[in-house]
Amino acid sequence: MNGTEISYALAKQLTSATTIESNYGSIDLDAELRRAVDAAVRPILERRMAAFERGSTNPENLIEGIQRQCAGYAKMCCRNMTRSLPALSPRD
């Protein structure tokens, strides 16, 4: 995808998607599925757009960005999980 295609996808296509097409048929998207597709695809397209705007279309740079985002998400999940767990005390 080029910058124009990514920009158009972000502005128009994600919010108005009606189906997912595959070699095995299509899945009709209701509002809940449309939001899920948007939530899953938008961050990827935004990363690609940012890389495109920086002039970086190198897949290695894109992979590094994804790895950094995943690491940050994992840290956030761990922090949230430890806040919700009761404090553990050492056993004698």
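A residue counts as buried when its relative accessible area is under 20%. By that criterion, the buried residues of helix H1 are Gly3, Ile6, Ala9, Leu10 and Leu14. The model is a predicted one, and 15% of the 92 residues of the chain count as buried. Three helices and two strands make up the secondary structure, in the order α-β-β-α-α from the N terminus.

**Confidence and overall layout**

- The mean pLDDT over the chain is 79, and 60% of the residues score at least 70.
- Among the elements, strand E2 (residues 25–28) has the highest mean pLDDT, 94, and helix H3 (residues 59–84) has the lowest, 61.
- Of the contacts in the chain with a separation of 6 or more, 43% are between residues 24 or more positions apart.

**Helix H1 and its N-terminal cap**

- Helix H1 covers residues 3–16, which is 14 residues.
- From first C-alpha to last, H1 reaches 19 Å, close to the 20 Å expected at 1.5 Å a residue.
- H1 bends by about 50° at Ala9, and Ala9 is also one of the buried residues of this helix.
- Helix H2 is included in what covers the buried residues of H1.
- Asn2 lies in the segment before H1 and caps the N-terminal end of that helix, with a side-chain oxygen 3.0 Å from the backbone nitrogen of Thr4.
- Asn2 has a relative accessibility of 35% and therefore counts as partly exposed, a class that lies between the limits of 20% and 50%.
- Asn2 and Arg48 are 46 residues apart along the chain, and their C-alpha atoms are separated by 9.2 Å.

**Strands E1 and E2**

- Strand E1 (residues 19–22) pairs with E2 in the antiparallel sense, over four bridges.
- The two strands are joined by a hairpin through two residues.
- Within this pairing, Thr19 stands opposite Asp28 of E2.

**Helix H2**

- Helix H2 takes in residues 31–53, and its 23 residues should span 33 Å at 1.5 Å a residue.
- The end C-alpha atoms of H2 are 31 Å apart, which agrees with that expected span.
- H2 bends by about 30° at Val41, and the proline Pro43 follows within four residues.
- At the start of H2, a side-chain oxygen of Asp30 comes to within 3.2 Å of the backbone nitrogen of Glu32.
- Just after H2, Gly55 has a positive phi of about 85°.
- The buried residues of H2 are Asp38, Leu45, Arg47, Met49 and Ala51.

**Asp38**

- Asp38 is located in helix H2.
- Asp38 counts as buried because its relative accessibility is 16%, against a limit of 20%.
- With neighbours within four places in sequence left aside, Asp38 is in contact with Leu14, Thr15 and Pro43.
- Of these contacts, Leu14 is among the buried residues of H1, and Pro43 is the proline that follows the bend at Val41.

Technical notes
Residues numbered from 1 in each chain as written. Predicted model: local features only at pLDDT ≥ 70, side-chain atom pairs only at ≥ 80, totals over all residues. Heavy atoms only, no water. pLDDT = per-residue confidence, 0-100. Expected span 1.5 Å × (residues − 1). Bend = angle between axes of the 7 residues up to and from the residue. Buried < 20%, exposed > 50% of the residue type's maximum accessible area, 1.4 Å probe, protein only. Polar contact = N/O pair within 3.5 Å; in protein donor to acceptor, adjacent residues only side chain to side chain. Contact = heavy atoms within 4.5 Å. Pairing = 2+ DSSP bridges.
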